[in-house]
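Reader: I am new to this structure, and I would like a close look at its nonpolar residues, both those packed together inside and those at the surface. Please explain each term as you go.

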Amino acid sequence: MIVRSFKDIENTDRHVRSKSGTWESKRIVLAREGVGFSLHETTVYAGTETSMWYAHHSEAVLCVEGESELTNDETGETHLITPGTMYLLDGHEKHTLRPRTDSRFICVFNPPVTGREDHDADGVYPLLTEEAV
């Protein structure tokens, strides 16, 4: 059994800040746990824009704080994301998130991330692997 809090992982290697400066992520469950998914708390900052494309991962995202606009870059469709709203990237959709206020999300990735990922120039996380401990 693993018990840990987001506070436990602040300023550790599980607390990842993007090179772009638009988000930070506390990665509480990673590939090394060997459970088949990763679980994160991600904060995106008001007034920024992050374009993403999870070509190698599926992601479920639950908003727990804030207000953001989500655009499906493939269709142009936009959605207002507020607390209690979930979106699922089940088709590897290219998308852009524009937080109107600082916004906090709980995110689940499959396959799990290692904790070292950041978006590349295309908004993609590389598919990194790691042995479970």
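Author: What follows begins with the interior and then turns to the surface.

This is a predicted model, in which local features need pLDDT of at least 70 and side-chain atom pairs count only at pLDDT 80 or more, while totals for chains, interfaces and linings use all residues. Residues are numbered from 1 along each chain as its sequence is written, and side-chain values use heavy atoms, leaving out hydrogens and water.

The largest nonpolar core (buried Ala, Val, Leu, Ile, Met, Phe, Trp, Tyr and Cys residues joined through side-chain atoms within 4.5 Å; buried is under 20% relative accessible area, exposed over 50%, partly exposed in between, with a 1.4 Å probe and protein chains only) has 17 residues, of which Ile 81, Tyr 87, Leu 97 and Phe 105 touch the most other members. At least two residues each come from E5, E8 and strand E10 (103–110), strands being DSSP runs of at least two residues, numbered from the N terminus. E10 gives the largest share, three residues. Beyond its neighbours within four places in sequence, Ile 81 has contacts (heavy atoms within 4.5 Å) that include Cys 63, Leu 70, Tyr 87 and Phe 105.

At the surface, Leu 62, Val 64, Met 86 and Leu 88 make up a nonpolar patch with about 330 Å² of accessible area together, by the Shrake-Rupley method with a 1.4 Å probe, where for residues only the protein chains shown count as cover. Strand E5 (58–65) and strand E8 (86–89) are the elements that give two or more residues to this patch. Patch residues have over 30% relative accessible area and no salt bridge, with nonpolar side chains (Val, Leu, Ile, Met, Phe, Trp, Tyr) joined within 5 Å and like charges within 9 Å; a salt bridge puts a side-chain nitrogen of Lys or Arg within 4 Å of a carboxyl oxygen of Asp or Glu. Met 86, which lies in strand E8, counts as partly exposed because its relative accessibility is 48%.

Key:
Helix = DSSP H or I, 4+ residues; strand = E, 2+ residues; numbered from the N terminus.
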